[in-house]
Amino acid sequence: MLLHLTLLATLVQFTTSQTNLLNGVRLHRQGDYTNALLNYETGIKQNSQCADCHHLTGLIHFNQGRVEAAIQSISQAIQLQPSTDNFYNSLGEVYRQNEQYERAVIQYQIAIDLNTASAAATTTNTTNTTTTN
């Protein structure tokens, strides 16, 4: 019974954090960065494992000139989901815009490597499916 309640509480936290993420994305697209940031941060409080919340928080920090906060948030997203190429690309962009070119190149290269690996896996899966059929 305790395990069931724990799982239910986790599911509620996840669903609520996803709702905040979606609301934040909607507000972000509308240019309401203050309220988008509040939604992302609330999503993180409800589920600290929400990599997208961390990533998007970092993008807003970056757009508002808070470079260190941006680096910290995007780096947290990378720690949570190290195989997401877009996160590395964003971190590379933060470094590039701040003339930290060597760091930017490293992040861009990781993004390219991940993207290439993902494309290769997709191609392999498609070839295997086609060959099998």
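Where is Asn115 found? Asn115 is in helix α6. The notes below go through this predicted model point by point.

1. Confidence. The mean pLDDT of the protein is 85, and 77% of the residues score at least 70. Among the elements, α4 has the highest mean, 98, and α1 has the lowest, 68. Within residues 4–12 the pLDDT falls below 50. In the model this stretch makes zero contacts beyond near neighbours in sequence.

2. The largest nonpolar core. This core is made of 15 residues. Those with the most contacts inside it are Ile71, Ile74, Ile78, Phe87, Leu91, Val94 and Tyr95. At least two residues of the core come from each of α3 (51–63), α4 (67–80), α5 (85–97) and α6 (101–132). The element that gives the most is α4, with six residues. In general, nonpolar side chains of soluble globular proteins tend to be buried together.

3. Helix α4. The 14 residues of α4 should span 20 Å at 1.5 Å a residue, and the end C-alpha atoms are 20 Å apart, so the two values agree. The buried residues of α4 are Val67, Ala70, Ile71, Ser73, Ile74, Ala77 and Ile78. Ile71, Ile74 and Ile78 were named above among the residues with the most contacts inside the largest core.

4. Helix α5. With 13 residues, α5 reaches 18 Å from its first C-alpha to its last, close to the 18 Å expected. Its buried residues are Phe87, Tyr88, Ser90, Leu91, Gly92, Val94 and Tyr95. For Phe87, the contacts outside four places in sequence are Ala51, Asp52, His55, Ile74, Ala77, Ile78 and Gln81. Ile74, Ala77 and Ile78 are buried residues of α4.

5. The salt bridge. The count of salt bridges comes to one. In this pair, the side chains of Glu93 and Arg96 meet at 2.6 Å, N to O. Why are Glu93 and Arg96 separated by about one helical turn? The reason is that they are three residues apart in helix α5. Glu93 counts as partly exposed because its relative accessible area is 26%. Arg96 is partly exposed too, with a relative accessible area of 35%. As a general matter, side chains of opposite charge can pair when their charged atoms come close.

6. The residue after α5. Just after α5, Glu99 takes a positive phi of about 60°, although Glu99 is not a glycine. This residue sits in the loop between α5 and α6. Is Glu99 buried or exposed? Its relative accessibility is 60%, so Glu99 counts as exposed.

7. Asn115 in α6. Asn115 has a relative accessibility of 41% and therefore counts as partly exposed. Its C-alpha is 8.8 Å from that of Asn86, although the two residues are 29 places apart in sequence.

8. Gly24 in α1. Gly24 belongs to helix α1. Its relative accessible area is 0%, so Gly24 is buried. Which residues does Gly24 touch, not counting those up to four places away in sequence? They are Ala36, Asn39 and Tyr40. Gly24 and Leu37 are 13 residues apart in sequence, and their C-alpha atoms are 6.7 Å apart in space.

9. His28 in α1. His28 also lies in α1, which covers residues 2–29. At 15% relative accessibility His28 falls under the 20% limit, so this residue counts as buried. Leaving out residues up to four places away in sequence, His28 touches Tyr33, Ala36, Tyr40, Leu56 and Ile60. Ala36 and Tyr40 are also touched by Gly24.

10. The other core and its cysteines. Apart from the largest core of 15 residues lies another core, of ten residues, including Leu27, Cys50, Cys53 and Ile60. Ile60 is one of the residues that His28 touches. Cys50 counts as buried because its relative accessibility is 5%. Cys53 is buried as well, with a relative accessible area of 0%. How many disulfides does the count give? The count comes to zero.

Technical notes
Residues numbered from 1 in each chain as written. Predicted model: local features only at pLDDT ≥ 70, side-chain atom pairs only at ≥ 80, totals over all residues. Heavy atoms only, no water. Core = buried A, V, L, I, M, F, W, Y, C linked by side-chain atoms within 4.5 Å. Buried < 20%, exposed > 50% of the residue type's maximum accessible area, 1.4 Å probe, protein only. Helix = DSSP H or I, 4+ residues; strand = E, 2+ residues; numbered from the N terminus. Contact = heavy atoms within 4.5 Å. Expected span 1.5 Å × (residues − 1). Salt bridge = Lys/Arg side-chain N within 4 Å of Asp/Glu carboxyl O. pLDDT = per-residue confidence, 0-100. Disulfide = S-S within 2.5 Å.
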